[in-house]
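This briefing introduces one protein chain and the ligand that it holds. Please keep the sequence and the structure in view while reading the points below.

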Amino acid sequence: MTTLSGLTSFDKVGKVDKEDPVDRVRNPYTPNAGSAPPVLAGRDAELKDFESVLERLASGKTDKAVAAIGLRGVGKTVLLGEFERIAREHNWVAVPAEISKTKEFGPQLANLVRKALFQLSPKARWNDVAKRAAGVIRSFSMTVQPDGALTAGLDVEKIDGAADSGQFDEDLADVLESLGETARDVRRGVVFLLDEIQFLSKDELEALIGAIHRCIQRRLPITVACAGLPQLPGVAGDAKSYAERLFHYIQVIELGPADARQAIVAPAAEEGVRFEDAAVDAIIEYTDGYPYFLQEFGRWVWDLAEGPVITAAEVADARYLVEAELDESFFKTRVQRSTKEELRYLRAMAALGPEPQKASDVAEQLGKTSEQVAPLRARLIAKGLLYTPKFGFAEFTVPQFDKFMLRYIPDF
Ligand SMILES: Nc1ncnc2c1ncn2[C@@H]1O[C@H](COP(=O)(O)OP(=O)(O)O)[C@@H](O)[C@H]1O
Ligand SMILES: [Mg+2]
């Protein structure tokens, strides 16, 4: 039987060829969204900071929530996964969730807080504090989803006047507060790990911020760690400075040369495989230290190499495979649902380079006025392809997207 990976028999799958140190079965790299890499390079400070947030909250001190912000493929989801692991190690209840454009946030949260309560305290042991939290969660669930679909297991009296105002911000604050009180009562903490928060609407994000604010004021051991693209739509002015006071912003960026080197070299070393120095240098240069690109490069060059020392010549060969793979699996999927005009806009922007570009400069490149192309630009921002690092400027949310656009549409 021939499998897609070129193996000739299922019998061979899973068996390591002892003679071959770069056997594909041993390939240690993890070029997949959210996959924990064998070596998490360059994030020690962030992990320590998160740990200290948990410790402060557990001891009744206040601290800000955490927001990990960065481009696609820099390792935000992986970082949240590590936060989850650390939280569990500290005996916190950790509740992960991914925000999506198609899922309503209210009902999603109702489900998460219910889960958190059952983990904090099994129903048989509910005291008055936990029972009250169950009642508040029940009210909240009934408010955001009146058919009662989210109340299984919450067969307690609904608490009147808590989480039933129909004002999402008030109700959310009530529900997190009562959950936080239960956590404190059982001497544990709760952290919600919310990925892709750029999909929250302005109202939802503001409600979340308000609820966190209330929990901080009440010194409750409950917090949020979120991750998302560097674009919080519609959050400007007051809400923005408010958010800045309530969140530790972690700018998740590409790895510096030493960390990038570790990300490539260390997983191989564990398998007894070495890289020529020049080979690693070439990978770092090509990938700019972006974690996803590093993993993809590691995977391809491993599969192509003779071993046990991966050479610069093999890296040079693998580069074409890496580029083809990135184009197919990472870049093209981002532009597939773009219109012709949107593609032209992206291409015009790419011609100006990778850094943030002024809206008027891109318009000029297209022979149009800023007003004419403003709706186009707004759509690309809404689709998450661009974000606005400062007023009047836009930047790609995908690293090296400029280079891709020049490859994708060579003549312009
Ligand atoms: N610190 C790191 N060191 C090495 N590889 C990493 C690191 N962080 C993430 N990766 C790898 O990078 C890729 C993208 O990670 P992911 O967390 O999905 O990024 P994001 O959520 O920012 O788009 C994955 O293949 C993952 O294994
Ligand atoms: Mg992610």
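The model shown here is predicted. An oxygen atom of ligand 1 is 2.6 Å from a polar backbone atom of S35, and the protein covers 95% of the 560 Å² of accessible area that ligand 1 has on its own. The chain that surrounds this ligand has 412 residues, of which 48% are buried.

**The chain as a whole**

- The secondary structure of the chain consists of 15 helices and 10 strands.
- The C-alpha trace spans about 70 × 60 × 45 Å when it is taken along its principal axes.

**The ligand and its surroundings**

- Ligand 1 is located in the largest pocket.
- A total of 23 residues surround ligand 1, and the closest of them are T30, G34, S35, G73 and K76.
- By character, the shell around ligand 1 comprises 12 nonpolar residues, eight polar residues and three charged residues.
- Two helices, α2 (76-89) and α10 (291-304), each contribute at least two residues to this shell.
- Besides the contact with S35, an oxygen atom of ligand 1 is 2.8 Å from a backbone N or O atom of V78.
- A polar backbone atom of V74 is 3.3 Å from an oxygen atom of ligand 1.

**Helix α10 and the loop that follows**

- E296 belongs to helix α10.
- Is E296 buried or exposed? Its relative accessible area is 1%, and therefore E296 counts as buried, the cut-off being under 20%.
- Between the C-alpha atoms of E296 and F168 there are 42 Å in space, and the two residues are 128 positions apart in sequence.
- P308 is part of the loop between α10 and β7 (309-310).
- The peptide bond that joins G307 and P308 is cis, with omega at about -5 degrees.

**Backbone angles in two loops**

- Most residues other than glycine have a negative phi, and most peptide bonds are trans.
- N91 has a positive phi, near 65 degrees, although it is not a glycine.
- The position of N91 is in the loop between α2 and β2 (93-98).
- With a relative accessible area of 44%, N91 is partly exposed.
- E196 is another residue other than glycine with a positive phi, in this case near 60 degrees.
- The loop that contains E196 runs between β3 and α6.

**The loop between β3 and α6**

- Q198 is also found in the loop between β3 (190-195) and α6 (202-217).
- How is Q198 placed with respect to the surface, buried or exposed? Q198 is buried because its relative accessible area is 5%, which falls under the 20% cut-off.
- The side chains of Q198 and E196 make a polar contact at 2.7 Å.

**Helix α5 and its distances**

- F168 is a residue of helix α5, which covers residues 168-185.
- F168 has a relative accessibility of 22%, so it counts as partly exposed, given that buried means under 20% and exposed over 50%.
- From F168 to D203 the C-alpha distance is 8.4 Å, with 35 residues of separation in sequence.

**Strands β1 and β8**

- A67 is in strand β1, which is made up of residues 65-69.
- At a relative accessibility of 2%, A67 is buried.
- A67 and A313 are separated by 246 residues in sequence and by 41 Å in space, C-alpha to C-alpha.
- Q357 is in strand β8, which is made up of residues 357-358.
- Q357 is buried, and its relative accessible area is 7%.
- Which backbone oxygen does the side chain of Q357 reach at 3.1 Å? The side chain of Q357 reaches the backbone oxygen of E355 at that distance.
- A polar atom of the Q357 side chain also lies 3.1 Å from the backbone oxygen of L352.

Key:
Residues are numbered from 1 along each chain as its sequence is written. Chains are lettered from A and ligands numbered from 1 in the order in which they are written. This is a predicted model: local features need pLDDT of at least 70, side-chain atom pairs count only at pLDDT 80 or more; totals for chains, interfaces and linings use all residues. Side-chain values use heavy atoms; hydrogens and water are left out. Helices (H or I, at least four residues) and strands (E, at least two) are DSSP runs, numbered from the N terminus. Buried means under 20% relative accessible area, exposed over 50%, partly exposed in between (1.4 Å probe, protein chains only). A polar contact is a pair of N or O atoms within 3.5 Å; within protein, one must be able to donate a hydrogen and the other to accept it, and residues adjacent in sequence count only if both atoms are side-chain atoms. A residue is near a molecule or strand if one of its heavy atoms lies within 4 Å of it. Accessible areas come from the Shrake-Rupley method with a 1.4 Å probe; for residues, only the protein chains shown count as cover. On a 1 Å grid over the protein atoms alone, a cavity is a set of points where a 1.4 Å probe fits but cannot get out, and a pocket is an open set with protein on both sides within 12 Å along at least five of seven lines; lining residues have an atom within 4 Å of a point. A molecule sits in a cavity or pocket if more than half of its atoms lie within 2 Å of its grid points. Ala, Val, Leu, Ile, Met, Phe, Trp, Tyr, Cys and Pro count as nonpolar, Asp, Glu, Lys and Arg as charged, and the others, Gly among them, as polar.
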